[in-house]
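Here is a short report on one protein model. Look at the fold, then at the details of its side chains and backbone.

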Amino acid sequence: ILGKRRGRIRILYEGNGTIKGGFSMRLEETLLQTAKELGFDNYQVIDTAALHFDERFRMYCETNYCGNYDNNYSCPPACGEAKELGDKARAFERALVLQTITPVKDITNDSETKEIKRRHNQMTWSLIESVAGEVGEYLPAMAGPCQICSPCAKELGKDCPFPQKRASCLSAFCVKVDALAEYCKIPYYCEGEVAFFSILFFQQK
């Protein structure tokens, strides 16, 4: 399957060394072409089995460094236990990995990085909306918590007004993103830039 790696095209094969055929191959080509048109810097389709989940990462959510723990429907504990999210992801055979790499003036400036993260997630939703009619059942995992409402309705004690667009972040799924970047051969840490990842799980088992 064709994918982009910072301006270069490469072919991504299945684990057994063959390219998938038929409808699945056409769908994956559509996903990658849509990612290219939307401006993602890197995008690949991989087997979900290649992802590493580490439920111990949930402790970082519980420390509430970002302030969203128990304040956002897409975050723990409202989003479900780490194993529950991992099982939901593993119910899909394939995963579209999406990455944007954006220059940043000060990576410690939350307001700057949050805006970049918001744009990344908007791009991801634009892709999903473009292919929803073709991809069938899917599960998104975003860069950071849902940012549709500010503040989140959970913080206000109200029901979520957009449950169909509520998506948890990769941290809530306990995905080892550094291992994912290494597997995909794409950057994880970028000097003077910030890299954000999202995943679209598709093709239910």
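The text below moves from the overall fold to the cores, one helix, and then single residues.

## Fold

This is a predicted model. The protein chain has six helices and six strands. Read from the N terminus, their order is β-β-α-β-α-α-β-α-β-α-α-β. Of the 205 residues in the protein chain, 44% are buried. Long-range contacts carry much of the map: among contacts with a separation of 6 or more, 77% join residues 24 or more positions apart.

## Nonpolar cores

The largest nonpolar core has 26 residues. Which members touch the most others? They are Leu180, Phe197, Ile199 and Phe201. Six elements are listed as giving two or more residues to this core: H3, strand S4 (92-103), S5, H5, helix H6 (177-184) and S6. Another core lies apart from it and holds 19 residues. Ala35, Leu96, Val135 and Leu200 are among its members.

Aromatic pairs come to two in this model. One of them is Phe173 with Phe201, a tilted pair. Their ring centres are 6.1 Å apart, and the planes meet at 40°. The pair bridges distant parts of the chain, since Phe173 belongs to helix H5 and Phe201 to strand S6, 28 residues apart. Are these two residues buried or exposed? Both Phe173 and Phe201 are buried. Phe201 also appears above, among the residues that touch the most other members of the largest core.

## Helix H3

H3 spans residues 82-90. Its buried residues include Ala82, Leu85, Gly86 and Ala89. These four lie on the same side of H3, because they cover an arc of only 100° around the axis. The cover over the buried residues of H3 includes H2, S4, S5, H5 and S6.

## Charges over rings

Two basic side chains sit over aromatic rings. The charged end of Arg90 is over the ring of Phe53, 4.8 Å from the ring centre. Lys165 lies over the face of Trp125, with 5.1 Å to the ring centre.

## Buried polar residues

Asn42 lies in strand S3, which runs over residues 42-47. Why does Asn42 count as buried? Its relative accessibility is 2%, and the cut-off for buried is under 20%. The side chain of Asn42 has a polar partner: a 2.6 Å polar contact joins it to the side chain of Gln99.

Thr34 is in helix H1, residues 22-38. Its relative accessible area is 11%, so Thr34 is buried too. A polar atom of the Thr34 side chain is 2.8 Å from the backbone oxygen of Thr30. What does Thr34 touch, leaving aside neighbours within four places in sequence? The contacts are Leu127, Ser130 and Val131.

## Backbone features

Two cis peptide bonds and two positive phi values deserve a check in the viewer. The table lists them.

| Site | Feature | Value |
|---|---|---|
| Pro76 to Pro77 | cis peptide bond | omega near -5° |
| Ser150 to Pro151 | cis peptide bond | omega about 0° |
| Asp70 | positive phi, not a glycine | phi about 65° |
| Gln203 | positive phi, not a glycine | phi near 60° |

Where do these sites fall? Pro77 is in the loop between helix H2 (58-62) and helix H3 (82-90). Asp70 is also in the loop between H2 and H3. Pro151 is in the loop between strand S5 (138-141) and helix H5 (170-173). Gln203 is in a strand, S6, which covers residues 193-204.

Accessibility completes the picture for the two residues with positive phi. Asp70 counts as partly exposed because its relative accessibility is 38%. Gln203, at 23% relative accessibility, is partly exposed as well.

How values were computed. Residues numbered from 1 in each chain as written. Predicted model: local features only at pLDDT ≥ 70, side-chain atom pairs only at ≥ 80, totals over all residues. Heavy atoms only, no water. Buried < 20%, exposed > 50% of the residue type's maximum accessible area, 1.4 Å probe, protein only. Polar contact = N/O pair within 3.5 Å; in protein donor to acceptor, adjacent residues only side chain to side chain. Phe/Tyr/Trp six-rings, centres within 6.5 Å; stacked < 30°, edge-to-face > 60°. Lys NZ or Arg CZ within 6 Å of the ring centre and 35° of its normal. Core = buried A, V, L, I, M, F, W, Y, C linked by side-chain atoms within 4.5 Å. Arc of directions from axis to C-beta. Contact = heavy atoms within 4.5 Å.
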